[in-house]
Amino acid sequence: MTGADRPRHPTDQPAAITRVWPASSGEPLDDAAIVDCYPRVGRPRLRVNFVTSIDGAVSVDGYSAGLSGGPDKRVFGTLRMLCDALLVAAGTLRHEGYRALRLDARRRAWRQEHGLPEHPTLVVVSGSLDLDPALAAFADAPVRPLVLTHDAATAPPGLTDVADLLRVGADRVDLVAGLGELRRRGLHQVLCEGGPYLFGALTAADLVDEVCLTVAPLLAGAGAGRITAGPPSLPRTMRLRHTLAAADGTLLLRYARTD
């Protein structure tokens with residue numbers, strides 16, 4: 001699972017990342033080269049971003065931040081910069097302590113230069129609408145967030161003051177209809193940061209176009225769940241598009257159906 005803001009540890013150093021495959025040069029990638037590794041495309045795309053341990057854990061001590069070092073944070077920030085909308089489950093929003101979706105000045109400038117709004121739009125998936133309007137992710141948001149929910153859900157007082165509710169489905173969230181509604185609003189490049197049940201549901205609905213996976217050089221041991229959860233669904237083949245690596249042993253992989 002990808003953490004809310006993956007706060008930087010005091011010992012983190014600037015993350016040098018190199019390309020291993022294809023066309024390895026051995027030279028560290030600058031910011032522009034990192035962006036080129038994760039291109040925006042001219043059609044709607046749902047990209048999922050997660051971090052995992054070598055042995056498949058989604059978290060350490062219950063949080064994804066324990067898996068995330070400098071290389072992962074660097075790609076994490078790049079993917080947020082590139083997206084139109086950031087999709088996250090309500091449980092992950094609460095548990096990981098998401099703050100307002102604000103990009104730094106450099107990334108805001110990049111978006112403006114490429115004809116994008118300064119900040120992407122936060123989109124929360126919630127079947128129960130158990131959401132606190134006072135959460136910073138809502139109350140301090142630079143762009144009014146959206147909440148994908150269904151017709152039977154009752155909003156708590158104040159939620160519609162800080163977010164727009166998109167009701168898609170009669171008694172459960174229809175993710176296909178939800179993504180369609182985002183695209184009608186011009187939010188074509190969607191980045192999902194989890195959690196595992198949302199990832200599982202998106203996979204089951206055959207909506208995942210791309211997976212960006214960080215493999216942390218860590219054996220987490222037994223106990224933690226996987227990056228995906230929920231009822232079984234059909235396997236789906238994806239192709240490896242690149243392998244990046246950092247000096248600390250972190251691998252950054254991108255899989256996609258098509259480019």
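User: Which residues does Gln189 touch, not counting residues up to four places away in sequence?

Analyst: In this predicted model, Gln189 touches Arg40, Val41, Arg43, Pro44, Arg45, Leu82, Cys83, Asp84 and Ala85, with residues up to four places away in sequence left out of the count. A touch here requires heavy atoms within 4.5 Å. Gln189 itself is found in strand 7, residues 189–192.

User: Why does Gln189 count as buried or exposed?

Analyst: The relative accessibility of Gln189 is 8%. Buried means under 20%, so Gln189 at 8% counts as buried.

User: What makes the approach of the Gln189 side chain to the backbone oxygen of Val41 a polar contact?

Analyst: The side chain of Gln189 reaches the backbone oxygen of Val41 at 3.2 Å. The cut-off for a pair of N or O atoms is 3.5 Å, and therefore the distance of 3.2 Å falls within it. A polar atom of the Gln189 side chain also lies 2.8 Å from the backbone oxygen of Arg43, and this value likewise falls within 3.5 Å.

User: How do you know whether Ala85 is buried or exposed?

Analyst: Ala85 has a relative accessible area of 0%. The limit for buried is under 20%, so Ala85 is buried. Ala85 lies in strand 3, which spans residues 85–89.

User: Which residues does Ala85 touch, not counting residues up to four places away in sequence?

Analyst: Ala85 touches Pro120, Thr121, Val123, Leu187, Gln189, Val190 and Leu191, again without residues up to four places away in sequence. Ala85 is also 9.0 Å from His119, C-alpha to C-alpha, although the two are 34 residues apart in sequence.

User: What makes the space that Gln189 helps to line a cavity?

Analyst: A cavity is space where a 1.4 Å probe fits but cannot get out. By this rule there is 1 cavity of 30 Å³ or more. The largest cavity has a volume of about 80 Å³, and its lining consists of Arg40, Arg45, Arg47, Leu79, Leu82, Cys83, Gln189, Val190 and Leu191. Strand 2, helix 2 and strand 7 each give two or more residues to that lining, and strand 7 gives the most, with 3 residues. By class, the lining of the largest cavity divides into 5 nonpolar, 1 polar and 3 charged residues.

User: How many residues line the second largest pocket, and which lie nearest its centre?

Analyst: The second largest pocket is lined by 17 residues, and Phe199, Thr203, Val211, Ile227 and Met238 lie nearest its centre. About 430 Å³ of space lies in this pocket. Helix 8 (196–204) and strand 8 (210–216) each supply at least two residues of its lining, which has 9 nonpolar, 5 polar and 3 charged residues.

User: Which residues are buried in helix 8?

Analyst: Pro196, Leu198, Phe199, Gly200 and Leu202 are buried in helix 8. The elements that cover the buried residues of helix 8 include strand 2 (45–53), strand 3, strand 4, helix 7 (175–184), strand 7 and strand 8.

User: Why is Asp206 called partly exposed?

Analyst: Asp206 has a relative accessibility of 39%. Partly exposed lies between the 20% and 50% limits, so Asp206 at 39% belongs to that class. Asp206 lies in the loop between helix 8 and strand 8, and its phi is near 60°, a positive value in a residue other than glycine.

User: How do you know whether Ala23 is buried or exposed?

Analyst: The relative accessible area of Ala23 is 68%. Exposed means over 50%, and therefore Ala23 is exposed. Ala23 is placed in the loop between strand 1 and helix 1 and has a positive phi of about 55° although it is not a glycine. Pro22 lies in the loop between strand 1 (17–21) and helix 1, and the peptide bond from Trp21 to Pro22 is cis, with omega near -10°.

User: What makes a set of residues such as the largest one a nonpolar core?

Analyst: The members must be buried residues of the listed nonpolar types, joined through side-chain atoms within 4.5 Å. The largest nonpolar core has 36 residues, and those with the most contacts inside it are Tyr38, Leu93, Leu122, Val124, Leu131, Phe138 and Leu244. A second, separate core of 30 residues includes Leu46, Val48, Leu182 and Leu198.

Note on methods
Residues are numbered from 1 along each chain as its sequence is written. This is a predicted model: local features need pLDDT of at least 70, side-chain atom pairs count only at pLDDT 80 or more; totals for chains, interfaces and linings use all residues. Side-chain values use heavy atoms; hydrogens and water are left out. Helices (H or I, at least four residues) and strands (E, at least two) are DSSP runs, numbered from the N terminus. Buried means under 20% relative accessible area, exposed over 50%, partly exposed in between (1.4 Å probe, protein chains only). On a 1 Å grid over the protein atoms alone, a cavity is a set of points where a 1.4 Å probe fits but cannot get out, and a pocket is an open set with protein on both sides within 12 Å along at least five of seven lines; lining residues have an atom within 4 Å of a point. Grid points are joined across faces, edges and corners, and a volume is the space filled by probe spheres set on the points. Ala, Val, Leu, Ile, Met, Phe, Trp, Tyr, Cys and Pro count as nonpolar, Asp, Glu, Lys and Arg as charged, and the others, Gly among them, as polar. A polar contact is a pair of N or O atoms within 3.5 Å; within protein, one must be able to donate a hydrogen and the other to accept it, and residues adjacent in sequence count only if both atoms are side-chain atoms.
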